[in-house]
Amino acid sequence: MSQLPHGVVESLQQLLLGLESSDNSIRSEAEKSLNNDWVLARPDLLLSGLAEQVRAADIPAKRSFAAVLFRRMASKASTKDNQPSELFLSLAPEIKVYIRNVLLSCFSEETDKAARNKTGDAVAEVARQLSDAEESWPELLHALFLASKHLDPSHRESAFRIFATTPGIIEKQHAEAIQGVFVTGFGDDDLGVRISAMEAFSAFFRSIKKAAQKTFYPLLTHILNILVPIKDSQDSDNLSRALMALIDLAEVAPLMFKPLFNNVVKFGISVVQDKDLTDSARQNALELLATFADNAPNMCKKDPLYTSEMVTQCLSLMTDIGNDDDDASEWNESDDLDMDESDLNHVAGEQCMDRLANKLGGSVLLAPTFQWLPRMMTSSAWRDRHAALMAISAISEGCRDMMEAELDKILDLVVPALRDPHPRVRWAGCNALGQMSTDFAGIMQERYHSIVLTNIIPVLESPEPRVQSHAAAALVNFCEEAEKDVLEPYLDDLLRRLLELLHNDQKRYVQEQALSTIATIADSAEVAFSRYYDTLMPLLFNVLNRPQDPESKDLRLLSAKAMECATLIALAVGRERLGNDAVQLVQVLGRIQQNVTDPDDPQGSYLLHCWGRMCRVMGNDFLSYLPAVMPPLLELASAKADVQLLDDDEHVAQIEQEEGWELVPVRGKYIGIKTSALDDKYMAIELLVIYAQQLEAAFEPYVQSVLRDISIPGLSFFFNDAVRVASARLVPQLLNSVRKAHGSGSAQLMEIWQPTLGKILDVLATEPAVDTLAELYQCFYESVEVIGQNCLPAEAMSTFINAAEGALQEYQQRVQVRLEEAQKPEEEREDNEDALYAIEDDQTLLSDMNKSFHTIFKHQGVSFLPHWERLLLFYDAFITSPDPTQRQWALCIMDDVLEFCGPEAWKYQNHFVQPLVNGLSDPIAANRQAAAYGVGIAAKNGGPMFSEFVAATIPKLFEVTQHPQGRQEDHVFATENACASIAKILHFNSSEVGDIQAVVQAWVGTLPIVNDDEAAPYAYSFLVQLIEGKNAAVLSNVAQIFDHVVRALDAETIQGQTAERVVTATKNLLAMAGGSAAQVLASVPVERHNAARRWFS
């Protein structure tokens, strides 16, 4: 019996008929009425009436439709007490209770399975909203418990479906009571109930806190017992559902499987290798096993079967390719190179091998993999050879360290494939070489350039366009990591064949790839590319000047690639070689830009980068083109985030089909974020960085608007980390443009500095991502460097310290979590690779914070000390930490205090004296360097108060110079800083030094300084002082002094006036000793004779 007026019920029934109509005009009018007459005007009657229709409609289809519409309408955005809400929650309490009761009644009384499932979805939506709002629904859990024991299996299944979609209702109401319900569900006679129970348990398990999860570990045995009968019955669809529920559990709690892991591995492998099952079921089994590698690699490594069986099955799946196209004729004729193959077995196998390599590493994966690969490479079946090559491509990144030592043998396997009779094997050979050129960048180009290039360049003449294109693509990977000296001998042959691809009547994608490859070669070869300019540039102009049919899109990408190629060549050869072509090229680009009207036209995004390159080539000559270039760039850079709340499954499905969207689950719904627009925004801001850098003062007219509309808002653009990073890089460049235009301290610069500083300080305190926070600190110190002396008022320095204090506290918390993680048993630890990345991010953050402190002390001096003092507790904790990164952070800050505050630093002696002394014996070379530098700068700037301290450190400084590895790459900067610091003590602050002559005599032996160009001038200036004073320590070591000087000159650690003074003094020393450079040269190693003659001829 309806509680609503008869007229309301009739109107609602008419509305539902209209919404279901096949007539577009009727349905459109009904949708308008739904929104205007019901959602906005009568939401209480709408939702109450829909709930009643779920019960009262005469056929199941109508009841289902009413339930679906109720769910959609209930979640619509609304307001309650002037706060954002959802439509159901905005209703009066008594109406919500009525609707809840009606829906529960419908759910328990519904006889049609499909309609009950839709009703269950509506119940779940209401339960979710109430749970999120912390409103209770006491009758629900009881009703679901009853349904889970119902005689009708469809009722039991529906109960678990609701549990699955709204697991929070269990967590907040007696989680322990649910165990028995799940166990009963796992053992149900009906397979649909068992599967739904698995899915419900998986969702519930994800929703509870980690500490509570272990209580439910024993249920895994019941779950696994469900699987074997499903597989034995060859029920692929239900097996896929069950495996997906297990994947969720494996992601959240892989160690739950530890006692039964070997059994899980055996079962998963049996599914993967069962070709009678569907590909989807087999791939889900593979995904389950790969999930363990992602989340519990140590458990996988310890299992005796896991790695060898996974490799075998992955390689087997990778041979499942081209089944109806044995000669690859169909494959070669296809122009769709980006066809989505993600659901195919061979792709699943390749992706899994990549994951295994990255998570298990070469020490585990290489042996079982290379047990197969040589045999596969000699197989008569082309699919085996193809799979072996794709496996090498897949594992090379993760197994880099171990494969690097075996590259000769691996290339012996790969290179012959470039001459294979089958085109897909040759394609795979190109793929492997291209991937290896990236994964082993440097070593491939330096050691193996002859093997790679002499074998892959001829493949450009393959008869198959797809092989030609892929060979050219592999050359991009090789050439972008190659030095110009490596490429130069091959340029003639390489470019001749690429030009043939452009001239011949090829498929367009081959020409497009040839242009990309030529562009990459130009970028790497730089000026060596000049001799090909006259051949290539006219060809590119021909492509760019070719008329385009506005109705045809075929030539757009080719034109875009030609633009890219032409501008990269321009960048490579330089402005002078370009001559008048520079103006012609920007005019062509301008004409193309005027004709780009379609937002999907690839020429648009390529143009933006091309303009940036031409700006770098032309400098201020580019200014006249800026008014045309800037509007589309500013439009992209100032774009707002396209964010949509997706409140129904249909909308979610639509967005999933579109490229460039990311879906984020939030409280049972999804938020869609258009990431492609954010990528364009980031790219546009990066280009603004280039314009501001290149044009400096000439960019000043744009600074105000760019700062106000783009870079300042961009610092807190939390939809995209990259946008915040690019905005942070832009700010100092914009400030510099104003400084260059109006001068330091100008009114124009100060006008934009204060609001900019305020925003930077705000985001330093609120940025959640560690790596982005480091970029923001870099933005801060670079900006302060631009503005200069005394640019930070006391309030700003205090705010900076507040932000730094918060960042250091959060850093300490992260360190503590890592220490606790390290105490766990090996298999329970979080992924080691992720931990290493996190440590690296923290080290970068500390480094950029240090640079910020350095810059403030440099420009503010002692005025910063009262604020900095608030961090002394952190300093004291860090300086004694077992973590070398923390010790270095503290030492470097104290170095800044000593350098820029001079005698004022002495009041902090209790905080730095002993740490500096200890630092000189630190096992980490960078910390010995920081300590040595600190002692030297204390001697130079500290005055008499520091005399006793610095004199007492001399023995320790000599120990640093005598370190067994002191001249090796990792230690030499510590050695050279200690040498320079002894010189600073002797020159600036020697009053407390005992036997100065003995120290000088020993000091001469600590030279030369051939790496640190900051330390060298102090040491060699002191050497000049000794020579001019005719000190016995230099007069008795003329040949040694001469060699020390020549080595520093050769290494260019002393230059300009310092070098001239040192050379003059050394000549005088030779004269005093009664000799000449020619005579002393005999004692100097041959490799330094040229440098000696250059300075002392």
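Let's start in the loop that runs between helix α13 (220–232) and helix α14 (236–252), where you will find Gln234. Keep in mind as you look around that this is a predicted model. The backbone of Gln234 has a phi near 55°, a positive value in a residue other than glycine. That is worth a pause, since most residues other than glycine have a negative phi. As for its surroundings, Gln234 is partly exposed, because its relative accessible area of 34% falls between the 20% and 50% cut-offs.

Now move along the chain to a second residue with a backbone of this kind. Ala328 sits in the loop between α18 (306–318) and α19 (329–333), and its phi is near 65°, again a positive value in a residue other than glycine. Is Ala328 buried or exposed? With a relative accessibility of 1%, Ala328 counts as buried, because that value is under 20%.

From here, step on to helix α21, which covers residues 362–370 and includes Thr369. Thr369 is buried, with a relative accessible area of 0%. What does the polar part of this side chain find there? A polar atom of the Thr369 side chain lies 2.8 Å from the backbone oxygen of Leu365. Leaving aside neighbours within four places in sequence, Thr369 is also in contact with Val311, Met353 and Ile395.

Next, have a look at the second largest pocket, which has a volume of about 1300 Å³. Its lining is made up of 43 residues, and those closest to the centre of the pocket are Trp331, Leu337, Glu341, Trp427 and Arg466. Several helices take part: the elements that give two or more residues to this lining are α19, α20 (345–360), α23 (382–395), α26 (423–439), α29 (465–479), α32 (508–525) and α34 (556–573). What is the chemical make-up of this lining? The residues divide into twelve nonpolar, 14 polar and 17 charged.

Our last stop is further along the chain, in the loop between α55 (996–1004) and α56 (1016–1028), which holds Pro1008. The peptide bond that joins Leu1007 and Pro1008 is cis, with an omega of about 5°. For context, most peptide bonds are trans. If you have the structure open, the bond between Leu1007 and Pro1008 is a good place to finish the tour.

How values were computed: Residues are numbered from 1 along each chain as its sequence is written. This is a predicted model: local features need pLDDT of at least 70, side-chain atom pairs count only at pLDDT 80 or more; totals for chains, interfaces and linings use all residues. Side-chain values use heavy atoms; hydrogens and water are left out. Helices (H or I, at least four residues) and strands (E, at least two) are DSSP runs, numbered from the N terminus. Buried means under 20% relative accessible area, exposed over 50%, partly exposed in between (1.4 Å probe, protein chains only). A polar contact is a pair of N or O atoms within 3.5 Å; within protein, one must be able to donate a hydrogen and the other to accept it, and residues adjacent in sequence count only if both atoms are side-chain atoms. Contact means heavy atoms within 4.5 Å. On a 1 Å grid over the protein atoms alone, a cavity is a set of points where a 1.4 Å probe fits but cannot get out, and a pocket is an open set with protein on both sides within 12 Å along at least five of seven lines; lining residues have an atom within 4 Å of a point. Grid points are joined across faces, edges and corners, and a volume is the space filled by probe spheres set on the points. Ala, Val, Leu, Ile, Met, Phe, Trp, Tyr, Cys and Pro count as nonpolar, Asp, Glu, Lys and Arg as charged, and the others, Gly among them, as polar.
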